[in-house]
Amino acid sequence: MMFSSFFSVHQVPSVWSKAVVTPIFKGGDSCDAINYRPISLTCVACKLMERIIAVQVLDYLRVNSLISKQQHGFLSRHSTVTNLLQSVNDWTLALNNRQNVAIAYIDYAKAFDVVSHVKLLHKLSAYGIAGDLLAWIRAFLTRRSQCTRINQSYSQYTHIESGVIQGSVLGPLLFLLYINDVTDVFNGDCK
């Protein structure tokens, strides 16, 4: 009932809009900030609501075939491994048929941080996401703030102008939809 009421009035409680960013060490020189991945710790209740919404949105996207077949990120039963297997298969078939093969991989460095909320909401609308859901996602993305925690020390909260929340449930799905049409800029032969 609580989730339904927040959803129907397009609101996200202010505590849900605050995140504590914790740097997670990836490897390498521990003194170099680039070797840390920022993970946002957010409210558990918010994550539960995000999960409910994410499942429903993914069902909608799958039923309506709106996710690109070339998309391997952030989807169940899809990964870098499935991407590599499909790619090697495509390359092998093309080379066996004496066709040219050009390969381009894009690494979206810090991509989660620079997603434009206006453009993301426009893309969601183009996918048919509208009404209460689009309004709630707008509220989820806006008026966010975060602080950074290192050991037991916290920075001051700062307002977030763009990006999707790393460590959230909806963040990866929103990013996937943001880049879902990237292959549309290539010819129909592109895989």
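Which residue follows H2, and is its phi positive or negative? In this predicted model, H2 is followed by Ser65, and the phi of Ser65 is positive, sitting near 50°.

The helix itself runs over residues 44-63, which makes 20 residues. From the first C-alpha of H2 to the last, the reach is 29 Å, close to the 28 Å expected at 1.5 Å a residue. Its buried residues are Cys46, Met49, Glu50, Ile53, Ala54, Val57, Leu58 and Leu61. Looking down the axis of H2, these buried residues fall within an arc of 165°, so they line one face of the helix. The spacing fits a simple rule: an α-helix has 3.6 residues a turn, so residues three or four places apart point the same way. Flip to the other side of H2 and the picture changes, with Val44, Gln56 and Val63 exposed there.

And what covers the buried residues of H2? The cover includes three helices: H1 (2-8), H6 (131-141) and H7 (170-179).

The pairing with H6 can be spelled out further. Two packed helices are described by the angle between their axes and the distance between the axes. For H2 and H6, the axes come within 13 Å and cross at roughly 140°, which makes H2 oblique to H6. The crossing of this pair is left-handed. On the H2 side, the contact is made by Cys46, Met49, Glu50, Ile53 and Val57, and H6 brings Leu133, Trp136 and Phe140 to it. Those five H2 residues are also on the list of buried ones, Glu50 included.

Definitions and conventions
Residues numbered from 1 in each chain as written. Predicted model: local features only at pLDDT ≥ 70, side-chain atom pairs only at ≥ 80, totals over all residues. Heavy atoms only, no water. Helix = DSSP H or I, 4+ residues; strand = E, 2+ residues; numbered from the N terminus. Expected span 1.5 Å × (residues − 1). Buried < 20%, exposed > 50% of the residue type's maximum accessible area, 1.4 Å probe, protein only. Arc of directions from axis to C-beta. Contact = heavy atoms within 4.5 Å. Axes fitted to C-alpha atoms, helices over the stretch in contact; angles between N-to-C directions. Parallel < 35°, antiparallel > 145°, perpendicular 65-115°, else oblique. Left-handed = near helix turned anticlockwise from the far one by under 90°.
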